[in-house]
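Colleague: I would like to go through the labels attached to this model one at a time and hear what each of them rests on.

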Amino acid sequence: MPTSELPAALVADANAVVSAIIGGRASLVFGDMHAPPIHAADAVRQEVLEWLPKLAAKRGLDLALLLALFQLLPITWAGETEYRRQEPEARRRMRQRDEDDWPTLALALALSESRTVSIWTNDKDFSVARIETITTGELLHQLRQRSTR
């Protein structure tokens, strides 16, 4: 479900974080003062840390630099205790696509109890999540619109 308004918070999927680290368009979101606060599950941090060495080797990138950039991203990391209560529902919803993505959905469900939230992803797997999603392109478009107001 794509969103048409910026939410109060974003829950980032691993693909958005990796894109930002390697200089993709997602990096523009992290540098935009109008961007909502960005949260991510600790499981996403672990996934990114597993992928960075492979990505650095494949693309000939400096792993130390990528790790330093990763540390600088303004992400609020959530431990599993912050979203564990939502795990059964998140697993149930994601079972049709990629159940391994349950931590991102569970965190979004937990945060959505107190504010509007969208999952920031370029992954179609969240189409079954029944929660708002936003791609990097959509997010950048909305941020441009907000900055011109």
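Colleague: Why is His39 called buried?

Modeller: In this predicted model, the relative accessibility of His39 is 12%, and buried means under 20%, so the label applies to His39. His39 lies in strand β2, and, leaving aside residues up to four places away in sequence, His39 touches Ala9, Leu10, Val11, Ala12, Ile75, Thr76, Leu107, Leu111 and Arg115.

Colleague: What makes Ile38 count as buried?

Modeller: The reasoning is the same kind of step: Ile38 has 5% relative accessibility, which is set against the limit of under 20%, and therefore Ile38 counts as buried. Ile38 is also placed in strand β2, and its contacts, again without residues up to four places away in sequence, include Leu10, Ala12, Val29, Phe30 and Trp120.

Colleague: How do you know that β1 and β2 are paired, and in which sense do they run?

Modeller: Two strands pair if there are at least two bridges between them; two bridges join β1 to β2, so the condition is met, and the two strands run parallel. Leu10 has Ile38 as its bridge partner in β2.

Colleague: What supports the pairing of β1 with β4?

Modeller: Strand β1 (residues 9-12) and strand β4 (residues 117-120) are joined over four bridges in the parallel sense, and since at least two are required, the pairing of β1 and β4 follows. Leu10 stands opposite Ser118 in β4, while Ala12 stands opposite Trp120 in that strand. Ile38 and Ser118 are 80 residues apart in sequence, yet their C-alpha atoms are 9.9 Å apart in space. As for the side chains of β1, Ala9 and Val11 point one way and Leu10 and Ala12 the other way, and all are buried.

Colleague: What is the order of the strands in the sheet, and what makes β3 and β5 its edges?

Modeller: The five strands form an open sheet in the order β3-β2-β1-β4-β5, with parallel pairing. β3 (75-78) and β5 (133-134) each have a single partner strand, so one side of each is left without a neighbour in the sheet. Helix α6 (residues 102-111) packs on this sheet, where the helix touches β1, β2 (38-41), β3 and β4, and its direction makes about 130° with that of β2.

Colleague: Why is the contact between Glu113 and Arg85 called a salt bridge?

Modeller: Side chains of opposite charge can pair when their charged atoms come close. The closest N and O atoms of Glu113 and Arg85 are 2.8 Å apart, and the cut-off is within 4 Å, so the pair qualifies. This pair links distant parts of the chain, with Glu113 in the loop between α6 and β4 and Arg85 in the loop between β3 and α5 (87-94), 28 residues apart. Arg85 has a relative accessible area of 63%, and exposed means over 50%, so Arg85 is called exposed.

Colleague: What makes Asp125 and Arg97 a salt bridge, and where in the chain are the two residues?

Modeller: Their closest N and O atoms are 3.1 Å apart, which satisfies the requirement of within 4 Å, so Asp125 and Arg97 form a salt bridge. This pair, too, links distant parts of the chain: Asp125 is in the loop between β4 and β5, and Arg97 is in the loop between α5 and α6, 28 residues apart. Asp125, at 15% relative accessibility, counts as buried, whereas Arg97, at 41%, is partly exposed.

Colleague: Which residues are linked in a network of salt bridges?

Modeller: The network links Glu87, Arg91, Arg95 and Glu99. Within it, Glu99 forms a salt bridge with Arg91, with the closest N and O atoms 3.0 Å apart. Glu99 is partly exposed at 25%, as is Arg91 at 27%.

Colleague: Why is Leu65 called partly exposed?

Modeller: Its relative accessibility is 49%, and exposed would require over 50% while buried would require under 20%, so Leu65 falls in between. Leu65 is found in helix α4 (residues 63-72), and together with Leu69 and Leu72 it makes a nonpolar surface patch of about 300 Å².

Notes
Residues numbered from 1 in each chain as written. Predicted model: local features only at pLDDT ≥ 70, side-chain atom pairs only at ≥ 80, totals over all residues. Heavy atoms only, no water. Patch = residues over 30% accessible without salt bridge, like charges linked within 9 Å, V, L, I, M, F, W, Y side chains within 5 Å. Areas by Shrake-Rupley, 256 points an atom, 1.4 Å probe, with all protein chains shown as cover. Salt bridge = Lys/Arg side-chain N within 4 Å of Asp/Glu carboxyl O. Buried < 20%, exposed > 50% of the residue type's maximum accessible area, 1.4 Å probe, protein only. Contact = heavy atoms within 4.5 Å. Axes fitted to C-alpha atoms, helices over the stretch in contact; angles between N-to-C directions.
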